[in-house]
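Me: I would like a close look at one part of this chain, the nonpolar core and what surrounds it. Please start with how far the model can be trusted, and then work through the interior and the surface.

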Amino acid sequence: MVKKTEADAAEAGSVPVEEDNAVLSTMAAPLTLEEEGNTMAGEVSTAFDSAAYCNFDANTTNATHGSKVLLCVFNKQGDKLLSVAGQRDYELSVEASSTDASSKDSNDSWGAEMPGIKNWSISTGGLVVYDEESQKVLIEALVKGDFLCVKTVKVNTDGKYKNLYGGLVSVPSYKESASKDDMVTFSAELKGVGKLNIFSVEANDEIASAAPSNR
C-alpha cells in the first residue's frame, strides 16, 4: 500500500487529519441561554422573554426574610455564641438625641440641630425553651446585673453566617407569659452599653468569626 504524503493530500483537495481535527476543535459550541444574553456589549438581550416580566434585578429578589436574622448571645465565659432559642421577634432601635444650636444670629427662621448622644437597644421574644442555655443566659444576666455580649447575624443561602451588628448590653426586662390555650412565650429588652458595632462599616468583620454553636 502506498502511503500518501501531505503534498498528495493537498493535490487531492483534502486536509491532513491533524489539521482537520484542529479546525473542528476551534469550532464554537452552541451558546447557552446566559451566553446569548451577553454576546456583545450594547446588544439587547432576548433572555427570559427580553426580561419583559421577570426582573431578576428587582429589590425584592435581594431582600432578606426575617427568619434569616438571628439574635445571638455569648455565654459568660465568652467561648460559645448561642442563638437565642425559640426567638420569633427581633427589633433593633438606634436613636440620637439632638441639641438646638440656633440663635438670634441666624438670618432666617430655620432651626439648627446638632447631633448628640446616641443610644441603641434590642427587643426580642418568642417561645420559651426552658432547657436551652441561651434563655438561661438572658435571665441570669438580669438577676445578677451582668452585661452580655450580643451579635446579630444573617443566615446566608450557603448556610454560613454574615455578621450584622454587635455590642455590649444590659438586660433590664425579661417577661414570660403562659396562657391556658397558648404556648409559653417570653419577651426581653436589651439596652446597649457603649457603641453599637456595625459590621458593614467597621473593619473588624474578619476577626469576629464566632458562629452560633446551637444551630
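Reply: In this predicted model, pLDDT stays under 50 over residues 22–26, and for that stretch there are 0 contacts beyond four places in sequence. Across the chain the mean pLDDT is 83, with 77% of the residues reaching 70 or more.

Turning to the interior, the largest nonpolar core has 19 residues, and those with the most contacts inside it are Val73, Leu138, Leu148, Val150 and Leu190. At least two residues of this core are supplied by each of strand E1 (69–74), strand E4 (113–127), helix H5, strand E5 (148–155), strand E6 (161–177) and strand E7 (185–198), and the largest share, 4 residues, comes from E7. A second, separate core of 6 residues includes Leu70, Cys72, Phe74 and Val155. As a general background to such groupings, nonpolar side chains in soluble globular proteins tend to be buried together.

Valine 150 gives a more detailed view of the larger core, for this residue touches Leu71, Cys72, Val73, Trp120, Ile122, Tyr165, Gly166, Gly167, Val169 and Leu190, when residues up to four places away in sequence are not counted. Among these partners, Val73 and Leu190 are also listed with valine 150 as having the most contacts inside the core, whereas Cys72 is included in the second core.

Strand E7 also holds asparagine 197, which counts as buried because its relative accessible area of 15% falls under the 20% cut-off. With residues up to four places away in sequence left out, asparagine 197 touches Leu164, Tyr165, Gly166, Glu202 and Asn204; Tyr165 and Gly166 are likewise among the residues touched by valine 150.

In the segment after E7 lies serine 213, which is partly exposed, with a relative accessible area of 46%. Serine 213 and leucine 81 are 132 residues apart in sequence, yet their C-alpha atoms are 6.0 Å apart in space, and the contacts of serine 213, again leaving out residues up to four places away in sequence, are with Lys80, Leu81 and Leu82.

Helix H5, which supplies at least two residues of the largest core, spans residues 133–144 and also contains isoleucine 139. Isoleucine 139 is partly exposed, with a relative accessible area of 33%, and together with Leu142 and Val143 it forms a nonpolar patch on the surface with about 240 Å² of accessible area.

Technical notes. Residues numbered from 1 in each chain as written. Predicted model: local features only at pLDDT ≥ 70, side-chain atom pairs only at ≥ 80, totals over all residues. Heavy atoms only, no water. Patch = residues over 30% accessible without salt bridge, like charges linked within 9 Å, V, L, I, M, F, W, Y side chains within 5 Å. Areas by Shrake-Rupley, 256 points an atom, 1.4 Å probe, with all protein chains shown as cover. Salt bridge = Lys/Arg side-chain N within 4 Å of Asp/Glu carboxyl O. Buried < 20%, exposed > 50% of the residue type's maximum accessible area, 1.4 Å probe, protein only. pLDDT = per-residue confidence, 0-100. Contact = heavy atoms within 4.5 Å. Core = buried A, V, L, I, M, F, W, Y, C linked by side-chain atoms within 4.5 Å.
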